[in-house]
Amino acid sequence: MIVLFALLTSACAGGAGATAPAPATATGPELVEVPLTLYRLIDADGSELGTTRTTADIEAIGALVNGIWSQAGIRFEPLRVRDLIVSAAALGPIVANGDIDTLLDELQASPPDDLGALNGFFLSEAFGVNGFAPTGSRVFFVVDRPTVPDQRVTSHEIGHLLELHHTSQDRGRLMFSGTDGEELTADEQTVARYVARGILDGNR
Ligand SMILES: [Zn+2]
């Protein structure tokens, strides 16, 4: 698992455009651009474990995610949506209990196209949660019918990948679990930008 995490971590470090400084904006600090790939997980065996979302659905979510993260001066670019066919044996344990080991084994054997610095996977459901991001990884998962808005789930899981933790302080915050809050505090924005830069520079 660690090796695949490393693969997923390093895939875009130093990649085209990934480390080029973005132009400073007129009103804020330099924009941090992070390559993000969102995968439609599709079951090779034809079961309904994979996602029913379309590419257009996920592209729309991606645009809204960029709207949420703009408050931190972070933009997911390039933002790609790709199909990824995996086995029911890989999907079943994720749906049942969040075990991603078999999926990681399959990805390790056959790395998907266009890995981003961060990578999201959409699937039918996952042990009753809206989404999750395995600790220490560069990957996260989002289910088809979350209880809060799609872009909020996706943005929240990205927050975990950028090393933000849950808060119990304010339901309006992105990192409050299970709400539709979208706000990032100044401290959270600073941490996320720092971590994003570290990922792009290959030292995290
Ligand atoms: Zn969370």
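**Helix 5 and the zinc ion**

Reader: In sequence, how are the donor residues of the zinc ion spaced?

Author: The model is predicted. The protein donors of the zinc ion are H156, H160 and H166, each through NE2. They lie 2.0 to 2.1 Å from the ion. Their spacing in sequence is H-x3-H-x5-H.

Reader: What separates H156 and H160 in helix 5?

Author: An α-helix has 3.6 residues a turn, so residues three or four places apart point the same way. H156 and H160 are four residues apart in helix 5. Their separation is therefore about one helical turn.

Reader: Is H160 buried, partly exposed or exposed?

Author: Buried means under 20% relative accessible area, and exposed means over 50%. H156, at 5%, is therefore buried. H160 has 23%, so the class of H160 is partly exposed.

Reader: How many residues of helix 5 are buried?

Author: Helix 5 runs over residues 150-161. Its buried residues include V153, I158 and L161. The helix is mostly covered, and the count out of 12 is 10.

Reader: How far does helix 5 reach from its first C-alpha to its last?

Author: Helix 5 has 12 residues. At 1.5 Å a residue, 16 Å is expected. The reach in the model is close to that, at 17 Å.

Reader: Which residues is Q151 in contact with, leaving aside its neighbours within four places in sequence?

Author: Q151 sits in helix 5. Its relative accessible area is 18%, so Q151 is buried. With those sequence neighbours left aside, its contacts are I61, L64, V65, I68 and E182.

Conventions. Residues are numbered from 1 along each chain as its sequence is written. This is a predicted model: local features need pLDDT of at least 70, side-chain atom pairs count only at pLDDT 80 or more; totals for chains, interfaces and linings use all residues. Side-chain values use heavy atoms; hydrogens and water are left out. Helices (H or I, at least four residues) and strands (E, at least two) are DSSP runs, numbered from the N terminus. The expected span of a helix is 1.5 Å times one less than its number of residues. Buried means under 20% relative accessible area, exposed over 50%, partly exposed in between (1.4 Å probe, protein chains only). Donors are N, O and S atoms within 2.8 Å of the metal (3.2 Å for Na, K and Ca); water is not among the atoms, so sites may look incomplete. Contact means heavy atoms within 4.5 Å.
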